Amino acid sequence: MFIEEKLKSLNITLPNLDPPAGAFAHFVRSGNLVFLSGHIAKKDGKPWTGKLGADLLTAEGKQAARSIAVDLLATLQAAAGDLNKIRRIVKLLVLVNSTPTFTEQHLVANGASELFVEIFGPERGSHARSAFGIAQIPLGACVEIELIAEL
């Protein structure tokens, strides 16, 4: 019940899990680990498009990453059956659609990282992370994140 209460206190409602948009699975479990496929940023149900450093500000990218974290939580719930079974968020890979001169990918990634710590606490929510600037993300999305968690 702890995680549900935390989500409720933050006014977060987990979305329904849509079918995968391609030839992949939303998640794969291997032993005690669950690997979540990349989730792209969405705004109003459509890809949140744009390039950081040209079309979007760092704060908007951070907001996009936070919204992806909510979608990742819905996928984690589907994988585990109950978010309270998540022992640890292990690793995030954050891809930021950005210009060659944009250097704040780490600040964009904080949008997701901070939410996981807020929901799971520092012991379970703190994680390893990589954040990269890349030339393009599918559908022109501004941010994509994949996640590894321990059950």
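Strand 2 and strand 7 (residues 143-150) run antiparallel, joined by six bridges. This is a predicted model. Both strands belong to an open sheet of five strands with mixed pairing. Two helices, helix 2 and helix 3, contact strands of the sheet. The largest pocket holds about 640 Å³ of space.

**The sheet**
- The strand order is 1-2-7-5-6.
- Strand 1 and strand 6 (128-134) are the edge strands, and each pairs on one side only.
- On average, neighbouring strands are turned by 10 degrees against each other, direction ignored.
- Strands of a sheet pair through backbone hydrogen bonds, either parallel or antiparallel.
- Where strand 2 meets strand 7, His-39 stands opposite Ile-145.

**The hairpin of strands 1 and 2**
- Strand 1 (residues 27-30) and strand 2 (residues 33-40) run antiparallel, and four bridges join them.
- Arg-29 stands opposite Val-34 in strand 2.
- Two residues lie between the strands of this hairpin.
- Gly-31 takes a positive phi there, near 60 degrees.

**The helices**
- Helix 2 has 23 residues.
- From its first C-alpha to its last, helix 2 reaches 32 Å, close to the 33 Å expected at 1.5 Å a residue.
- Gly-81 follows helix 2 and has a positive phi, near 85 degrees.
- Which strands does helix 2 lie across? They are strand 1, strand 2, strand 5 (88-97) and strand 7.
- Helix 2 runs at about 140 degrees to strand 2.
- Helix 3 (residues 105-125) packs on the sheet and touches strand 5, strand 6 and strand 7.
- The direction of helix 3 makes about 165 degrees with that of strand 5.

**The largest pocket**
- The lining of the largest pocket has 27 residues.
- Nearest the centre of this pocket lie His-26, His-39, Ile-40, Lys-42 and Asp-71.
- Strand 2, strand 3 (42-43), strand 4 (46-47) and helix 2 (58-80) are the elements that give two or more residues to the lining.
- Which element gives the largest share of the lining? Helix 2 does, with six residues.
- By class, the lining has 12 nonpolar, eight polar and seven charged residues.

**Where the topics meet**
- His-39 is among the residues nearest the pocket centre, and His-39 also stands opposite Ile-145 in strand 7.
- Helix 2 gives six residues to the pocket lining and also lies across four strands, strand 2 and strand 7 among them.

Terms used:
Residues numbered from 1 in each chain as written. Predicted model: local features only at pLDDT ≥ 70, side-chain atom pairs only at ≥ 80, totals over all residues. Heavy atoms only, no water. Pairing = 2+ DSSP bridges. 1 Å grid on protein atoms, 1.4 Å probe; cavity = no way out; pocket = protein on both sides within 12 Å on 5 of 7 lines; lining within 4 Å. Points joined across faces, edges and corners; volume = space filled by probe spheres on them. Nonpolar A, V, L, I, M, F, W, Y, C, P; charged D, E, K, R; others polar. Expected span 1.5 Å × (residues − 1). Axes fitted to C-alpha atoms, helices over the stretch in contact; angles between N-to-C directions. Contact = heavy atoms within 4.5 Å.
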